Amino acid sequence: MSATSLVSKSLSKMREMVAQATGKTREPSEKVLERIRQQLEECAAGLGGEISTRQRAARLAETYLKLDDSGRMAMLHMIALDFGPDPTAIAEAHAAYQKAVGSKDQWEAEARLRGAMRSRRIRILTQFNAIPQGVKFLVDLRADLLRFLPDNPLLKPLDRELEARLGAWFDVGFLELARITWNSPAALLEKLVEYEAVHEIKSWLDLKNRLDSDRRCYGFFHPRMPLEPLIFVQVALTEGLADDVQQLLDINAPLADASKANTAIFYSISATQAGLRGVSFGNFLLKRVVEDLQRDFPKLQQFATLSPVPGLVKWVNRNPQALGEAITAADWKRLTAAGVEDENAPVLRALLEDGGDWASNEPLCAALRDPLLRLAARYLCEARRGDKPVDPVARFHLGNGARIERLNWLADTAPKGLSQSWGIMVNYLYDPDRIESNLEAFAREGRIDASAAVRRLAKR
C-alpha cells in the first residue's frame, strides 16, 4: 500500500472512531501525554521527506481525534505552551536588529528576528494542512479551541495563530462560488439540511421547494473541502419585497415565474464551520451572488433580505424599561380593550413570554403591533455594543453596506421566530448605488443607514 493511501485510509477512519467513543472524560495518563509530546516533537522537527512528514502528521491527527475533550484540551495546552517561540532567541535577535538599524546589515537582522519569532506551533499546524482531509481537521480543531478558551485562556496564542493561518488558507481568492441545485450530490444536500441555521429544513420536500426554479441557492467552497459549504445563501425570486417567511417556505404555494421577478430576497444565510469564526467571507458571497443573479435575471431591480432579529427579546429582557418606553397612552387603551388588564410593562412582558399563545389572539396582536414594531426599530437603530449594533444579523448586513428598509409584523410565527423577536423580521436592502458609502460610514463612524419610515418609527 502506498504512503498516500495509508494516510487516506487512516484519516477516513477518524470520524468513525470518534463517533464510537463513549464514556466519561478523564485526564490522559502520563504515558499518553509523553507519547503525544514525542509525536509533537517529531512533527515540529520536520525531519525526513514529504511522505514521512505526512505520515507523522496523519498519526498525530489520529491521536487527537481518539482523545476525549479532556485529552484534547491537554494536547492543545501542550502545543500552546511548549511549542511557542524561544524568548531567549527572540531577545538576542531583537538586540542584534536594534544594533543593526541604519547599517547594511539591517535587513538581514530583520529576517533573523522574524525567524526567531516564528513558533514551532506554526510548523505543526502547517503539516496538518498537507494531509488528506487536513484542512477540515484544522477547522474542526479550532472549533474545539473556541469551546475550550473560556475555561483555558492560555490557549489564546494558539488560537490566534490558527485563526491567522485559516484566514490565509480561506482567503476569498481561493474560494469557489457554486450554485447548489436539486441535482447536486446527495452528500451535499444532506449538509444543507444539517447546517441550515435560520429556518429549519423539515423534509426532503421542503428542501426541494427551496431549490426549485423560482429559487436559487449558492455556497462558497474550498477546493480541499468540496462537499462542505463554508457559507450558503438561499434566495427567492419575487415581485416586490417579501414580508412573510411562511409564504416563502410554503411547500404548497404555486411556483412563481422567475422571469417576471424584480426582486431577489436573501431569506437565509448560514455559516457552517464554527472553526472559521473570525474568518470573514459572507460579504464577498453576497456580492458574487448579486453579480450572478444580475447576469441571469436582468429584470431584477432590488436585492434585499428577509432577516430575523435574533437578539430582540434577549435585549428587552436585559433592558426591561425599553418595553414600557415604547408603549404610548393610546397603545395602552388598545391593549386594555384587547384584554390586558393591568397597564404596566411587566404584566405585558409576562404575557409575551407565555409560549407565544398571544399570537393566535387577533385583537391582542393588533394592539401589540405598533409598540413592538416601535421597540424593534429602536433596537436596530439605537442599541449598541461599542459603536456597532447589538444585533448580530444587523451587524452583518449593515457592515456589508445594506440599509434597514422595512420591519415586518408577524413575518415568522414559528416557535423560534416568536421566541427571539415576537415574529418580527426585517428587510435589509442592498442598493448598489449606496453600498460602498454605507459600508465606509458604518466602518468609520458606526453610522446606520435606515429608511425614513424606520427612522420615524424609532423616534415615535
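Here is a walk through the structure above, from the whole chain down to single residues.

First, some ground rules: this is a predicted model, so local features are described only where pLDDT is at least 70 and side-chain atom pairs only at pLDDT 80 or more, while totals for chains, interfaces and linings use all residues. Residues are numbered from 1 along each chain as its sequence is written, and side-chain values use heavy atoms, with hydrogens and water left out.

Let's start with the big picture. The C-alpha trace of the chain spans about 80 × 55 × 50 Å along its principal axes. Within it you'll find 23 helices and 10 strands; these are DSSP runs numbered from the N terminus, with helices being H or I runs of at least four residues and strands E runs of at least two. Of the 460 residues in the chain, 49% are buried. Here, buried means under 20% relative accessible area, exposed means over 50%, and partly exposed is in between, using a 1.4 Å probe and protein chains only.

The chain is divided into three pieces: domain 1 covers 19-84 + 119-170, domain 2 covers 173-300, and domain 3 covers 311-459. Those bounds come from an automatic or database domain assignment. Taken over C-alpha atoms, the centres of domain 1 and domain 3 are 43 Å apart.

Now zoom in on strand 4 (residues 263-271) and strand 5 (residues 302-305). They run parallel and are joined by four bridges, where strands count as paired if DSSP finds at least two bridges between them. If you want a spot to look at, find Ile265, which stands opposite Ala304 in strand 5. Add helix 14 (residues 282-296) to strand 4 and strand 5, and you have a right-handed β-α-β unit. Right-handed means that, with the strands pointing away from the viewer, the path from the first strand over the helix to the second runs clockwise.

Just ahead of strand 4, in the loop that follows helix 13 (245-249), sits Lys260. Lys260 counts as exposed because its relative accessible area is 54%. Compare its position with that of Leu276: the two are 16 residues apart along the chain, and their C-alpha atoms are separated by 38 Å.

Next come the charged pairs. Side chains of opposite charge can pair when their charged atoms come close. The structure holds 30 salt bridges, each being a side-chain nitrogen of Lys or Arg within 4 Å of a carboxyl oxygen of Asp or Glu. Helix 14 offers one to look at: Arg295 and Asp292 both lie in this helix, three residues apart, or about one turn. Their closest N and O atoms are 2.6 Å apart. The two partners sit in different classes of accessibility, since Arg295 is exposed at 55% and Asp292 is buried at 15%. Elsewhere, salt bridges that share partners join Lys136, Asp140, Lys191, Glu194 and Glu228 into one network.

Another pair is Glu161 with Arg121, where the closest N and O atoms are 2.6 Å apart. This pair links distant parts of the chain, with Glu161 in helix 10 (residues 156-169) and Arg121 in helix 8 (residues 120-129), 40 residues apart. Both Glu161 and Arg121 are buried. You can also look at Asp105 and Lys104, whose side chains meet in a salt bridge of 3.5 Å, N to O. Asp105 is partly exposed, with a relative accessible area of 40%, and Lys104 is exposed at 75%.

What about uncharged side chains on the outside? Trp182, Val193 and Trp204 form a nonpolar patch on the surface, with about 270 Å² of accessible area together. Patches are made of residues with over 30% relative accessible area and no salt bridge, joining like charges within 9 Å and nonpolar side chains (Val, Leu, Ile, Met, Phe, Trp, Tyr) within 5 Å. The areas come from the Shrake-Rupley method with a 1.4 Å probe, and for residues only the protein chains shown count as cover. Trp182 lies in the loop between strand 1 (176-179) and helix 11 (186-195), and is partly exposed because its relative accessibility is 33%.

Finally, there are two backbone angles to look at. Gln133 has a phi near 65 degrees, a positive value in a residue other than glycine. Gln133 lies in the loop between helix 8 and helix 9 (134-148), and is partly exposed at 39%. Trp422 is not a glycine either, and has a positive phi of about 55 degrees. You'll find Trp422 in the loop between helix 21 (415-421) and strand 10 (425-429), where it is buried, with a relative accessible area of 4%.
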